[in-house]
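Visitor: Hello! I am new to reading structures, and I would like a close look at one helix and its surroundings. Please go slowly and show me how each step of the reasoning works.

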Amino acid sequence: MRKISLIALVLFGALLLYASSGLPGHGDPDGPSHRERSRVGSPVAAAHYIRHAQGDAASPNIVTVVLADYRGFDTLGETIVVLTAGLVCTLILRRSP
Amino acid sequence: MTSSSRNPILITASRLLAPFIQLFALYVIFHGHFGPGGGFQGGAMLAASILMLRLSVGAERSELKFRKSWGTPVGALGALIFAGTGLLTLLLGGRFLEYHYLPFPDLSRADLHSAGILLIEVGVSLAVMAVLVAIYDDIMEGPGGN
């Protein structure tokens with residue numbers, strides 16, 4: 001059983017390495033995430049963010065605008081996750097209130 | 001560890017360092033608008049300064065900075081600031097977290113978005129700081145600790 005899982009693991013790693021060779025280069029301007037339109041013709045979010053971030057919010061940091069403005073709801077979820085982790089630690093570890 | 005066995009160099013150094021770490025954490029939080037940084041990173045640094053005091057000068061005296069019972073309330077307050085900003089814009093006619101409905105007068109639409117981002121960054125930093133300290137306190141107080 002160990003041998004089978006080891007072989008499966010190596011095969012899966014090789015598959016991942018093979019798949020990663022097909023990814024676009026880092027920062028490639030022609031990569032799928034940097035195009036104006038996707039292959040099926042729908043607008044791509046990244047181009048919109050880069051074009052409008054500075055006008056939509058008076059902040060020169062696009063990352064902050066995406067994190068807190070365009071994806072603000074997502075960041076709220078992240079904060080709730082952090083808070084939940086803290087609450088669960090309190091519930092499990094504290095003996096008495 | 002009893003307080004008599006503590007190293008005076010450690011205590012002095014950490015007491016001197018803590019305010020500067022907190023100052024830099026505030027810089028990281030508020031500089032998130034212009035460069036790398038933001039609520040998560042700044043909150044982690046605030047928590048680091050408090051945890052450093054917890055480890056060096058002891059739990060009793062570091063409670064003067066941040067009480068053990070404050071962890072979850074302050075964390076909840078941070079999340080409440082974040083969600084409250086969203087609910088406020090919702091009440092004032094916008095959609096959830098649509099910052100240009102915030103009730104600050106004489107600010108342009110872009111400036112209102114900037115102010116809203118600042119509000120939620122403060123909320124995130126409070127939540128992250130309080131939760132990190134609370135987890136440490138829970139582990140030290142819990143069934144495995146003293």
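Guide: Happy to help! We begin with a small rule: the expected span of a helix is 1.5 Å times one less than its number of residues. Keep in mind as we go that this is a predicted model. Our part is helix α4 of chain B, which covers residues 71-91. With 21 residues at 1.5 Å a residue, α4 of chain B should span 30 Å, and its end C-alpha atoms lie 29 Å apart, so the two values agree.

How far can we trust the prediction here? Chain B has a mean pLDDT of 88, and 94% of its residues reach 70 or more. For the model as a whole, the scores are ipTM 0.84 and pTM 0.82.

Now let us place the helix in its chain. Chain B holds 5 helices and 0 strands, and its elements follow one another from the N terminus as α-α-α-α-α. Taken along the principal axes, the C-alpha atoms of chain B fill a box of roughly 60 × 30 × 20 Å. The radius of gyration of chain B is 18 Å, where a compact globule of 146 residues would have one near 15 Å. Of the contacts in chain B between residues at least 6 apart in sequence, 62% join residues at least 24 apart.

Next, which residues of our helix are buried? For this step you need a cut-off: a residue is buried if 20 or more other C-beta atoms lie within 10 Å of its own. In α4 of chain B, the buried residues are B:Gly71, B:Thr72, B:Gly75, B:Gly78, B:Ala79, B:Phe82, B:Thr85, B:Gly86 and B:Thr89. Try finding them one by one in the structure. What covers them? The cover includes α5 (109-141) of chain B and also α4 (72-93) of chain A. Across chain B, buried residues make up 38% of the 146 residues.

That brings us to the partner. Chain A has 4 helices and 0 strands. Its radius of gyration is 22 Å, well over the 13 Å that the globule rule gives for 97 residues, so chain A is more spread out than a compact globule. Buried residues account for 19% of the 97 residues in chain A. Where the chains meet, 27 residues of chain A are in contact with 36 residues of chain B. On the side of chain A that touches chain B, α2 (45-56), α3 (62-70) and α4 of chain A each supply at least two residues. The largest share of that side, 14 residues, comes from α4 of chain A. Sorted by class, the same side of chain A has 14 nonpolar, 9 polar and 4 charged residues.

Our helix also takes part in a nonpolar core. The largest such core has 36 residues, and the ones that touch the most other members are B:Ala127, B:Val128, B:Met129, B:Val131 and B:Val133. Two or more core residues come from each of α3 and α4 of chain A and α1 (8-30), α2, α4 and α5 of chain B. Helix α5 of chain B gives the largest share, 14 residues. As an example, look at B:Val128: beyond its neighbours within four places in sequence, B:Val128 is in contact with A:Val82, B:Gly39, B:Phe40, B:Gly43, B:Ala44 and B:Ala47.

Finally, let us walk off the end of the helix. Just after α4 of chain B, B:Gly93 takes a positive phi of about 105 degrees. Further along, in the loop between α4 and α5 of chain B, sits B:Leu97. B:Leu97 has a positive phi of about 60 degrees although it is not a glycine. B:Leu97 counts as buried because it has 26 C-beta neighbours inside 10 Å. That loop between α4 and α5 of chain B also holds B:Asp106, another residue other than glycine with a positive phi, near 60 degrees. Is B:Asp106 buried or exposed? A residue with 12 or fewer other C-beta atoms within 10 Å is exposed. B:Asp106 has 5, so B:Asp106 is exposed.

Notes
Residues are numbered from 1 along each chain as its sequence is written. Chains are lettered from A and ligands numbered from 1 in the order in which they are written. This is a predicted model: local features need pLDDT of at least 70, side-chain atom pairs count only at pLDDT 80 or more; totals for chains, interfaces and linings use all residues. The radius of gyration is taken over C-alpha atoms; the globule rule is 2.2 Å times the number of residues to the power 0.38. Two residues are in contact if their C-beta atoms, placed from the backbone, lie within 7 Å. Ala, Val, Leu, Ile, Met, Phe, Trp, Tyr, Cys and Pro count as nonpolar, Asp, Glu, Lys and Arg as charged, and the others, Gly among them, as polar. pLDDT is the predictor's confidence in each residue, from 0 to 100. A nonpolar core is a set of buried Ala, Val, Leu, Ile, Met, Phe, Trp, Tyr and Cys residues joined through C-beta atoms within 7 Å.
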